[in-house]
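The exercises below concern a predicted model. Work through each task with the sequence and the structure open, and then compare your reasoning with the solution that follows it.

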Amino acid sequence: MDAYWHLLAWGGEGWGDEFAWGLLMTLQVSLVSYAVSVVFGFLGAAGKLSNNRYLRILADLYTT
């Protein structure tokens, strides 16, 4: 098992930097998707609570 620790090294001999960039990219995608979903959720809720009939219909279509 100790012979494989060099694979986590940074640079050309290991994959440590690739793992770090992969983690950073995963966190970025997660944060952006969370922000987009909050915006869509807010717009859907605002549409369902709206007095405008067409907005309510659109929100109902979206949530259904």
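**Exercise 1.** Is Phe-19 buried or exposed, and what is its relative accessible area?

*Solution.* The relative accessible area of Phe-19 is 51%. Because the class "exposed" begins over 50%, Phe-19 counts as exposed.

**Exercise 2.** Determine how many aromatic pairs the model holds, and classify the geometry of each pair.

*Solution.* Step one is the count: with ring centres required to lie within 6.5 Å, two aromatic pairs are found. Step two takes the pair formed by Trp-15 and Phe-19, whose ring centres are 6.5 Å apart and whose planes stand at 75°, so that this pair is edge-to-face. Trp-15, with a relative accessibility of 53%, is exposed, and Phe-19 is likewise classed as exposed at 51%. Step three takes Phe-40 and Tyr-62, for which the centres are 6.3 Å apart and the planes lie at 25°; this pair is therefore stacked. The stacked pair joins distant parts of the chain, since Phe-40 belongs to helix α1 (residues 16–48) and Tyr-62 to helix α2 (residues 53–63), with their positions 22 residues apart. For exposure, Phe-40 is partly exposed at a relative accessible area of 45%, whereas Tyr-62, at 52%, counts as exposed.

**Exercise 3.** Describe how α1 and α2 pack, giving the angle, the distance between the axes and the handedness of the crossing.

*Solution.* Begin with the axes, which are 7 Å apart and make an angle of about 130°. An angle of that value makes α1 oblique to α2. Next comes the handedness, and the crossing of the two helices is left-handed. Finally, list the residues in contact: α1 contributes Phe-40, Gly-44, Gly-47 and Lys-48, while α2 contributes Leu-55, Arg-56, Ala-59, Asp-60, Tyr-62 and Thr-63.

**Exercise 4.** Which residues does UniProt assign to the feature "transmembrane region", and what secondary structure does the model show there?

*Solution.* The unreviewed UniProt entry places this feature at residues 20–46. In the model that span is 100% helix and 0% strand, and its end C-alpha atoms are 39 Å apart.

**Exercise 5.** State where Leu-58 is found, whether Leu-58 is buried or exposed, and how far Leu-58 lies from Val-29.

*Solution.* Leu-58 is part of helix α2. With a relative accessibility of 55%, Leu-58 is classed as exposed. From C-alpha to C-alpha, Leu-58 and Val-29 are 28 Å apart in space, and in sequence the separation is 29 residues.

Key: Residues numbered from 1 in each chain as written. Predicted model: local features only at pLDDT ≥ 70, side-chain atom pairs only at ≥ 80, totals over all residues. Heavy atoms only, no water. Phe/Tyr/Trp six-rings, centres within 6.5 Å; stacked < 30°, edge-to-face > 60°. Buried < 20%, exposed > 50% of the residue type's maximum accessible area, 1.4 Å probe, protein only. Helix = DSSP H or I, 4+ residues; strand = E, 2+ residues; numbered from the N terminus. UniProt positions renumbered as here; feature names shortened; annotations may be inferred. Axes fitted to C-alpha atoms, helices over the stretch in contact; angles between N-to-C directions. Parallel < 35°, antiparallel > 145°, perpendicular 65-115°, else oblique. Left-handed = near helix turned anticlockwise from the far one by under 90°. Contact = heavy atoms within 4.5 Å.
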